[in-house]
Amino acid sequence: MSKNASGGRFGLGVSLITGGAIALSPADELACTLTGPFAVVCVPLAAVTSPVVGVASIISGLYLVATSSKK
């Protein structure tokens, strides 16, 4: 695997880990409260889906980071 491809996998993995951590934070639920009348639907939907998406992103990111250093 070329050096550039390896770096791309590493960068993508770090981005997925960071995005997963943000998805696990309460920031999206708080942002949903600012949507006004849509908050009734948005807050419960974000509360249910965010942990699943966050954990899946972190696991995918860890895999990419771990496999980026293999030659």
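**Exercise 1. A side chain and a backbone nitrogen**

Find how far the backbone nitrogen of alanine 39 lies from a polar atom of the side chain of threonine 35.

*Solution.* Start at the backbone nitrogen of alanine 39: a polar atom of the threonine 35 side chain lies 3.1 Å from it. Next, place the residue: threonine 35 sits in the loop between H2 and H3. Then check its cover: threonine 35 has 32% relative accessibility and counts as partly exposed, where buried means under 20% relative accessible area, exposed over 50%, and partly exposed in between (1.4 Å probe, protein chains only).

Before you go on, a word on the model: it is predicted, so local features need pLDDT of at least 70 and side-chain atom pairs count only at pLDDT 80 or more, while totals for chains, interfaces and linings use all residues. Residues are numbered from 1 along each chain as its sequence is written, and side-chain values use heavy atoms, with hydrogens and water left out.

**Exercise 2. The overall layout**

Work out how many helices and strands the protein has, and what share of its residues count as buried.

*Solution.* First, count the elements: there are 3 helices and 0 strands, taken as DSSP runs numbered from the N terminus (helices: H or I, at least four residues; strands: E, at least two). Read from the N terminus on, the order is α-α-α.

Second, look at burial: 21% of the 71 residues of the protein count as buried. The exposed area is about 4800 Å², with carbon and sulfur atoms supplying 77% of it; such areas come from the Shrake-Rupley method with a 1.4 Å probe, and for residues only the protein chains shown count as cover.

Third, turn to the contacts (heavy atoms within 4.5 Å). Among those in the protein with a separation of 6 or more, 71% are accounted for by residues 24 or more positions apart.

**Exercise 3. The disulfide**

Identify which cysteines a disulfide joins, and decide why it is left-handed or right-handed.

*Solution.* Recall that a disulfide is a covalent bond between the sulfur atoms of two cysteines. The working rule is a pair of cysteine sulfur atoms within 2.5 Å, and by this rule the count comes to 1 disulfide. Cysteine 32 and cysteine 42 are the partners, with an S to S distance of 1.9 Å. The pair links distant parts of the chain, 10 residues apart: cysteine 32 belongs to helix H2 (residues 27–32) and cysteine 42 to helix H3 (residues 39–68).

Now for the handedness: the torsion about the S-S bond is about -45 degrees, so this disulfide is left-handed. Finally, compare the cover of each partner. Cysteine 32 is buried at 8% relative accessibility, whereas cysteine 42 is partly exposed at 23%.

**Exercise 4. Around serine 50**

List the residues in contact with serine 50, leaving aside its neighbours within four places in sequence.

*Solution.* Begin with location: serine 50 is part of helix H3, and its relative accessible area of 7% makes it buried. Its contacts outside that sequence window are Ala23, Leu24, Asp28 and Glu29.

Take leucine 24 next. This residue lies in helix H1 (residues 3–24) and is partly exposed, with a relative accessible area of 43%.

Isoleucine 22 is also placed in helix H1. With a relative accessible area of 53%, isoleucine 22 is exposed. Its C-alpha lies 9.1 Å from that of serine 50, although 28 residues separate the two in sequence.

To finish, go to alanine 47, again in helix H3. Alanine 47 is partly exposed at 40% relative accessible area, and its C-alpha is 6.5 Å from that of glutamate 29, 18 residues away in sequence.

**Exercise 5. Further along helix H3**

Determine whether glycine 61 is buried or exposed, and which residues it contacts beyond its neighbours within four places in sequence.

*Solution.* Glycine 61 is found in helix H3, and at 0% relative accessibility it counts as buried. Leaving those neighbours aside, it contacts Gly13, Leu16 and Ile17. From its C-alpha to that of phenylalanine 10 is 8.3 Å, across 51 residues of chain.

For a last step, move to threonine 67, which also belongs to helix H3. Threonine 67 has a relative accessible area of 14% and is buried.

Note on methods: A polar contact is a pair of N or O atoms within 3.5 Å; within protein, one must be able to donate a hydrogen and the other to accept it, and residues adjacent in sequence count only if both atoms are side-chain atoms.
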